[in-house]
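Okay, thanks for coming, everyone. Let me put the model up on the screen and then walk you through it.

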Amino acid sequence: MPPSSSKRQSRRTRDESPADGTMTLAEIARLAGVSAPTVSKVLNGRAHVAPATRDKVEGLLRDAGYRRRRSASRPRPSGLLELVFHELISLWATEIIRGAENVAREEGLTLVLSESAGRAERGMSWVDGVLTRDPAGVILIMSDLTADQRDRLVSRDVPFVVMDPAGYPADDVPSIGTTNWQGGHSATRHLLDLGHRRIGVIGGPADVLCSRARIDGYRAALETAGVPCDPRLVRHGTFQHEAGRRVGRELLRLPDRPTAIFAGNDVQAMGVYEAAREQGLRIPQDLSVVGFDDLPISAWMGPPLTTVRQPLVEMAETAARLVLDRGRGDTSGMHRVELATRLVVRDSTASRSL
């Protein structure tokens, strides 16, 4: 048989294999009123399928309990490890990429980056892109994984892990996180120990899990110290520089301004530095600032930033190893992993009496 015929036969066998032991993909095509190649396009995340048709075929695949079966005769062709960021716009992302690349290099894989919030071809989503590339594993960064997205990845046998999930992941979704509550508590307790009582906080988006946990840690530290939590000092940003500058400016213009600000992350802390300079305030003499993440640049800020170290490189390495192990069929590892944070004291915080 000529090579091209052999490839067509191999693809026909794969795409027409039973979905649940009784229903074939050809039968799903008949139920959907489309051709078998159209079902194959949907199955493999290809373009040029109408959104309504894609949804209908996906629904039939889900109802049939379709699950792609891997075998020695069909290894993954791509040799890819994929990172899916909500938005790839931060210095924070660079540290995650470093960690994932460390593991990809060890495994002889190529690292691929994509965005779940980025622009996509009409009718396509980030999941379709993943299905087209068929990677050895997918790490979703600070994202929510819907039930439909999870079902599609599971049905195509694409292993996945969520790192720093935006919300509470489902019980069967493996995740990697860090001790955000403890980090927020440590940052605030440090400022309290320095004598500060008017402490502002700028979290990330209110609906993001890590942001809520850091602010909860802030509140708990205040409560333990017997310091009332002034709601005017609790603000939300976007984890971006401009949000730190804008919200920092709002806090510093209050009649009874804070003497310290926990900025929620290092990038927002940079914005707070700028807001303080605009107001003619010196750090730390007039305003103490604490960040979160301990990005490499935090040690080079003027003055160097006191921050909570989030082990981003180690988190990404752990996520990469976990997802690749799951792809090999090893599910013996921990389903939920939470790595420790720690306070790194530098020159941006000082005693209130200074």
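So, what pLDDT does the protein chain average? The average is 84, and 80% of the residues score at least 70. For anyone new to it, pLDDT is the predictor's confidence in each residue, from 0 to 100. Over residues 1-22 the pLDDT is below 50, and in the model that stretch has 27 contacts beyond near neighbours in sequence; a contact means heavy atoms within 4.5 Å. Where pLDDT is low, the predicted coordinates should not be read in detail.

Some housekeeping. This is a predicted model, where local features need pLDDT of at least 70 and side-chain atom pairs count only at pLDDT 80 or more, while totals for chains, interfaces and linings use all residues. Residues are numbered from 1 along each chain as its sequence is written, and side-chain values use heavy atoms, with hydrogens and water left out. When I say helix (H or I, at least four residues) or strand (E, at least two), I mean a DSSP run, numbered from the N terminus.

Now the sheets. There's an open sheet of 6 strands in the order 2-1-3-4-5-11, and the pairing is parallel. Two strands count as paired if DSSP finds at least two bridges between them. Strand 2 (110-115) and strand 11 (336-339) are at the edges with a single partner strand each, so one side of each has no neighbour in the sheet. On average, neighbouring strands here are turned by 20 degrees against each other, direction ignored.

Look at strand 1 (residues 80-85): it runs parallel to strand 2, joined by 6 bridges, and L83 sits opposite L113 in strand 2. Two helices lie across this region. Helix 6 (residues 126-133) crosses strand 1, strand 2 and strand 3, at about 175 degrees to strand 1. Helix 5 lies across strands 1, 2, 3 (137-141) and 4 (160-163), at about 165 degrees to strand 1. Those angles run from 0 to 180 degrees between N-to-C directions, with axes fitted to C-alpha atoms, for helices over the stretch in contact.

And what does helix 5 pack against, at an angle of about 40 degrees? Helix 5 (residues 91-107) packs with helix 12 (residues 312-327), their axes 7 Å apart. That angle makes helix 5 oblique to helix 12 (under 35 degrees is roughly parallel, over 145 roughly antiparallel, 65 to 115 roughly perpendicular, and the rest oblique). Among the residues that meet are W92, I96 and V103 from helix 5, and L312, A316 and L324 from helix 12. The contact residues divide into 9 nonpolar, 2 polar and 6 charged; Ala, Val, Leu, Ile, Met, Phe, Trp, Tyr, Cys and Pro count as nonpolar, Asp, Glu, Lys and Arg as charged, and the others, Gly among them, as polar.

On to the other sheet I want to show you. This open sheet has 6 strands in the order 7-6-8-9-10-12, with mixed pairing. Strand 7 (234-236) and strand 12 (342-344) are its edges, each with a single partner strand, so one side of each is left without a neighbour in the sheet.

Strand 9 (residues 288-293) and strand 10 (residues 306-309) run parallel, joined by 4 bridges. Across that pair, V290 is opposite T306, and D293 is opposite R309. Strand 10 also pairs with strand 12, antiparallel, over 3 bridges, and there T307 has V344 as its bridge partner.
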